Amino acid sequence: MSSTDTFFKDLIVIEAANVLAGPAVGMFFAELGATVIKVENIKTGGDTTRQWKLPAEDRNSDVSAYFSSVNWGKRSIGVDFAIPAGYEVIVDLVRRADVFLQSFKPGDARKFGLDYPVLRDVNDRLIYADITAFGETDERPGFDAVLQAETGFMGMNGTETSGPVKMPVALIDLLLAHQLKEALLIALIERMQSGRGSYNTVSLFQSGVASLANQAANYLVAGTVPGRAGSDHPNIAPYGTVFRTLNGEPVVLAVGTDSQFQALCEVLDIPEAAADGRFATNQQRVVHRDALNALLTQRIGGQERDDLLDELQARQVPAGAVRRLDDVLAHASVEPLLLQGKRSDGVPIHGLRTVAFESDVVTPPPTLDSPPAFDADSRYVLAGVLGYTEERIQVLRDAGAVL
């Protein structure tokens with residue numbers, strides 16, 4: 001028996017969350033063997049991202065590429081929990097659940113009777129996860145682009161010419177997901193000892209600010225407000241800067257020590273640069289960054305990319321090619337992260353695991369069910385999980401509580 005069977009096989013997670021942050025947490029548990037039941041609103045047609053499609057996507061499918069990114073391995077049921085019959089379905093699920101994950105607008109959980117004090121009375125072992133945008137008292141909606149702006153990331157990203165630039169993935173959503181995973185794992189450990197559930201909350205804003213790392217420290221310690229410097233690093237040089245090789249192919253350097261810089265100069269046949277007072281130490285290289293970048297641009301521009309990277313690797317100088325996403329996903333080491341399945345209409349679908357770690361403690365299941373169509377698992381949830389009779393299910397359908 002694997003450790004996944006021991007710790008996660010019998011775990012039930014109710015996911016009443018939309019878009020990316022909450023569903024990313026739900027998929028984490030699904031990848032580790034938990035039963036994750038995605039409760040979707042009948043009136044809205046389910047998770048918003050089901051309709052966030054590229055022009056090339058099938059307009060008739062409700063499993064968009066965006067939706068599929070964080071919804072493998074789950075069961076979907078459509079419920080109208082704003083009416084009493086639908087609400088009772090959610091409460092019955094909560095009675096059996098270990099984790100309840102929600103991302104309602106501030107005040108909506110209380111309005112629907114799905115806030116922690118109410119559900120704790122239903123199941124005192126319930127671990128409750130509450131996702132907000134800016135905290136419980138701020139009613140602004142939480143979308144990642146706004147949070148990237150409000151937490152300072154866009155203010156640092158880009159160049160003075162480009163102006164503020166958003167990261168091309170929903171960075172703040174993913175940072176929150178990691179924060180919440182940590183909180184819920186700690187809550188599960190604590191429940192093993194006390195037998196009690198707990199309330200856990202995190203905001204997108206706090207998750208973003210908590211991840212500012214060295215950039216926040218640059219201001220808090222040295223009073224320096226980070227500007228937009230492209231991919232240059234404010235504290236290290238040459239680090240993050242993109243250079244073009246002979247055929248125009250981009251490479252990036254991540255030289256973090258003086259000895260690495262010396263090795264770089266030897267590879268580029270400019271040993272005198274390592275002894276130049278402007279470049280001999282990291283602090284001086286940061287001060288004289290423009291002159292350093294001009295020198296490196298000239299020398300790297302005469303090198304073949306792969307030959308240069310091979311030489312740098314041999315000398316333990318951190319460097320890499322700037323690769324397109326199709327090249328990345330074709331790399332052999334990515335193979336264990338790739339998922340394959342079929343939509344409910346039989347069309348093949350491909351995806352990517354979100355759990356990348358390897359451990360002697362937890363082994364993810366080798367396969368995952370494909371992302372579910374909206375309400376694809378109503379019968380499984382109502383009859384299989386809740387044990388409802390056919391008569392009761394029909395009464396719920398007649399009332400409009402389920403489909």
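Student: How do you know that helix α2 (residues 21-31) is largely enclosed by the rest of the structure?

Tutor: The buried residues of α2 are Ala21, Gly22, Pro23, Ala24, Val25, Gly26, Met27, Phe28, Phe29, Ala30 and Glu31. Buried means under 20% relative accessible area, exposed means over 50%, and partly exposed lies in between (1.4 Å probe, protein chains only). Since 11 of the 11 residues are buried, the helix is largely enclosed. Just after α2, Gly33 takes a positive phi of about 100°.

Student: On what kind of model do these values rest?

Tutor: This is a predicted model, in which local features need pLDDT of at least 70 and side-chain atom pairs count only at pLDDT 80 or more, while totals for chains, interfaces and linings use all residues. Residues are numbered from 1 along each chain as its sequence is written, and side-chain values use heavy atoms, with hydrogens and water left out.

Student: What makes a stretch a helix or a strand?

Tutor: Both are DSSP runs numbered from the N terminus: helices are H or I with at least four residues, and strands are E with at least two. Helix α12 (residues 258-267) is one such helix, and its buried residues are Gln260, Phe261, Ala263, Leu264, Cys265 and Val267.

Student: What covers the buried residues of α12?

Tutor: The cover includes β10, α13 (271-275), α14 (282-287), α15 and α16. Contact here means heavy atoms within 4.5 Å. After α12 comes Asp269, with a positive phi near 60°.

Student: Why are the side chains of Lys38 and Asp47 said to meet in a salt bridge?

Tutor: A salt bridge is a side-chain nitrogen of Lys or Arg within 4 Å of a carboxyl oxygen of Asp or Glu. For Lys38 and Asp47 the N to O distance is 3.0 Å, so the pair meets the definition. Lys38 is buried, with a relative accessible area of 0%, and Asp47 is buried as well, at 2%.

Student: How does the pair of Arg196 and Glu190 stand against that cut-off?

Tutor: Their closest N and O atoms are 3.8 Å apart, and the pair counts as a salt bridge. Arg196 has 52% relative accessibility and therefore counts as exposed, whereas Glu190, at 31%, counts as partly exposed. Salt bridges that share partners also join Glu15, Lys38, Asp47 and Lys74 into one network. The structure holds 25 salt bridges.

Student: Why is β9 called an edge strand of the sheet β9-β10-β11?

Tutor: Two strands pair if DSSP finds at least two bridges between them. The 3 strands form an open antiparallel sheet in the order β9-β10-β11. β9 (239-244) and β11 (319-321) each have a single partner strand, so one side of each is left without a neighbour in the sheet.

Student: What makes β9 and β10 paired strands?

Tutor: β9 and strand β10 (residues 250-254) are joined by 4 bridges in the antiparallel sense, against the required at least two. Val242 stands opposite Val252 in β10. Helix α15 (residues 289-300) lies across β9 and β10, at about 40° to β9; such angles run from 0 to 180 degrees between N-to-C directions, with axes as lines fitted to C-alpha atoms, for helices over the stretch in contact.

Student: In what order do the strands of the parallel sheet stand?

Tutor: Its 6 strands form an open sheet in the order β3-β2-β1-β4-β5-β8. The edge strands are β3 (74-79) and β8 (198-203), each pairing on one side only. Strand β4 (residues 99-102) is joined to strand β5 (residues 127-132) by 4 bridges, and Phe100 stands opposite Tyr128 in β5.

Student: What makes Leu352 eligible for the nonpolar patch on the surface?

Tutor: Patches are made of residues with over 30% relative accessible area and no salt bridge; like charges are joined within 9 Å, and nonpolar side chains (Val, Leu, Ile, Met, Phe, Trp, Tyr) within 5 Å. Leu352 is partly exposed at 36%, which is over the required 30%. The patch consists of Leu325, Val328, Leu329, Leu338 and Leu352, with about 400 Å² of accessible area together; such areas come from the Shrake-Rupley method with a 1.4 Å probe, and for residues only the protein chains shown count as cover. Helix α17 (residues 325-329) gives the most to the patch, with 3 residues, while Leu352 lies in strand β13 (residues 348-352).
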